[in-house]
Amino acid sequence: ADFQSANTVLADGEFGLETDTGKMKVGNGSTAYNSLQFVTEDDALSWRFGGSTKGFVSGGTGVVRIDSMTFASDGNATTDWGDIPASSNEGMQHGFSSTTNGYHAHGYSLSKFPFAAAGNGVAVPTGVRAYTATGNSSSEAGYTVGGYPSATSADKMPFATDTKATVPALAHPTNTAKNSTGVPSPTYGYHFGGSTPGADRVNNISRWPFAADDAISDQGDLVSGGEFFSGTASETHGYVLGGQTGPSPTAPTANAVLYKWAFASTGNAADIGNLTIGRVQGTGISSHDNGYSGGGTAGGSPSFLATFEKHSFASDSNSTTVGSGLEGGTGKRGASGQQDSAFA
């Protein structure tokens with residue numbers, strides 16, 4: 001919109017990149033921007049979910065702090081980036097990421113904070129339905145899927161307007177689950193795990209195309225059902241970390257699982273390793289090369305974890321501990337994760 005309004009004459013050979021669409025024009029020194037042709041769609045930049053430099057852990061049960069981690073320093077999330085506007089006692093918060101801002105959802109409230117420099121979050125007035133739901137991100141919008149008591153549609157919020165829209169087409173039996181988890185591929189949103197109103201643990205992975213926001217379908221199954229997983233994503237695979245099974249929230253069994261499934265075709269997840277600890281209500285963050293899981297609880301323990309661990313996207317192996325410092329070292333659970341996703 002800024003380019004179209006200015007209608008700039010780009011110099012001969014000068015690139016003009018639309019950072020919100022990934023499309024590009026090249027100037028000739030005389031033709032105004034709106035009259036130039038885009039570089040062909042096949043040559044347009046691709047959106048990458050994984051962060052290039054930083055990851056963030058916002059909020060958590062009863063806390064407002066936004067923790068920042070630099071991927072180059074291997075997951076020691078000690079920087080206080082700012083605060084979200086208000087805390088929540090909700091145990092499962094979620095978020096999504098644009099190319100410029102991180103979004104944090106809890107209860108029925110939504111806020112956003114900048115990636116470029118440290119700063120507090122500000123409320124997004126339209127909000128989303130966020131109670132025990134899960135978040136997801138495409139290059140153009142954030143999604144809230146599932147939730148309590150039995151959500152049968154999704155909320156979509158285009159980053160260009162920060163205005164919520166309901167997407168009835170994303171209704172699906174497993175998408176009604178609470179305490180579920182979501183990750184994106186470049187073209188699909190994925191939703192997995194959680195529990196139904198009858199407290200049955202969900203074992204399904206479902207997906208929908210970002211291009212149409214319809215035709216939600218089964219991707220496959222997890223190795224075993226559960227809830228309170230954290231999730232990470234490379235460009236080619238989705239990953240399932242931690243989570244819990246068990247008869248009640250007060251006596252859960254903490255899992256140390258590490259599963260993955262391929263985006264290229266439908267199929268079940270496979271067990272590829274373990275976390276260093278059973279981690280319930282942890283937070284997932286993705287860089288271009290690694291997935292991270294931080295915070296949470298060790299099952300029925302009342303204390304919150306401050307540690308971070310990572311797994312490599314390049315090989316199937318166990319996760320390793322790489323840092324600590326969440327919430328000033330005291331730990332947090334149920335927080336949402338973001339990363340400085342970009343076009344590349």
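**Around threonine 181, and outward from there**

Threonine 181 belongs to strand β15, which covers residues 181–184. The description that follows rests on a predicted model. With a relative accessible area of 6%, threonine 181 falls under the 20% limit and therefore counts as buried. A polar contact ties its side chain to the backbone oxygen of phenylalanine 229, at 2.9 Å. Once neighbours within four places in sequence are set aside, the residues in contact with threonine 181 are Thr134, Tyr190, His191, Phe192, Phe229, Ser230 and Gly231.

Several of these names come back when the aromatic rings are examined. Ring pairs join Tyr188, Tyr190, Phe192, Phe229, Trp261 and Phe263 into a cluster. Tyr190, Phe192 and Phe229 of this cluster are also among the contacts of threonine 181.

The nonpolar packing leads back to some of these residues too. The largest nonpolar core holds 15 residues, and those touching the most other members are Phe192, Ile205, Val240 and Trp261. Two or more residues of this core come from each of β16 (188–192), β19 (227–233) and β22 (257–262). Strand β22 provides the largest share, with three residues. A second core, separate from this one, has 10 residues, including Met69, Phe308, Leu326 and Ala335.

Across the whole structure, the search returns 20 aromatic pairs. One of them is formed by phenylalanine 3 and tyrosine 33, which are stacked with 4.5 Å between the ring centres and 10° between the planes. This pair bridges distant parts of the chain, as its members are 30 residues apart: phenylalanine 3 is in helix α1 (residues 2–6), while tyrosine 33 is in the loop between β2 (24–26) and β3 (47–48). The two partners differ in their exposure class: phenylalanine 3 is partly exposed at 25% relative accessibility, whereas tyrosine 33, at 1%, is buried.

The ring of tyrosine 33 has a further partner, since the charged end of lysine 25 sits over it, 4.2 Å from the ring centre. A similar arrangement involves lysine 23, whose charged end is placed over the ring of phenylalanine 38 at 5.4 Å from the centre.

Turning to the strands, an open sheet is built from four of them in the order β7-β8-β9-β10, and the pairing is antiparallel. Its edges are β7 (94–97) and β10 (122–123), each of which pairs on one side only. Within the sheet, strands β8 (residues 101–106) and β9 (residues 109–114) run antiparallel and are joined by six bridges. Alanine 105 takes part in this pairing, with leucine 110 of β9 as its bridge partner. In general, pairing between strands of a sheet is made by backbone hydrogen bonds.

Finally, the backbone angles give two residues worth a look. Most residues other than glycine have a negative phi. Aspartate 162, however, has a positive phi, near 50°. Aspartate 162 is found in the loop between β13 (154–158) and β14 (165–167), and is buried at a relative accessible area of 13%. Glutamate 327 likewise has a positive phi near 50°, and its place is the loop between β27 (320–323) and β28 (336–339).

Methods. Residues are numbered from 1 along each chain as its sequence is written. This is a predicted model: local features need pLDDT of at least 70, side-chain atom pairs count only at pLDDT 80 or more; totals for chains, interfaces and linings use all residues. Side-chain values use heavy atoms; hydrogens and water are left out. Rings of Phe, Tyr and Trp (its six-membered ring) pair if their centres lie within 6.5 Å; planes under 30 degrees apart count as stacked, over 60 as edge-to-face and the rest as tilted. Helices (H or I, at least four residues) and strands (E, at least two) are DSSP runs, numbered from the N terminus. Buried means under 20% relative accessible area, exposed over 50%, partly exposed in between (1.4 Å probe, protein chains only). A charge sits over a ring if NZ of Lys or CZ of Arg is within 6 Å of the ring centre and within 35 degrees of the ring normal. Two strands pair if DSSP finds at least two bridges between them. A polar contact is a pair of N or O atoms within 3.5 Å; within protein, one must be able to donate a hydrogen and the other to accept it, and residues adjacent in sequence count only if both atoms are side-chain atoms. Contact means heavy atoms within 4.5 Å. A nonpolar core is a set of buried Ala, Val, Leu, Ile, Met, Phe, Trp, Tyr and Cys residues joined through side-chain atoms within 4.5 Å.
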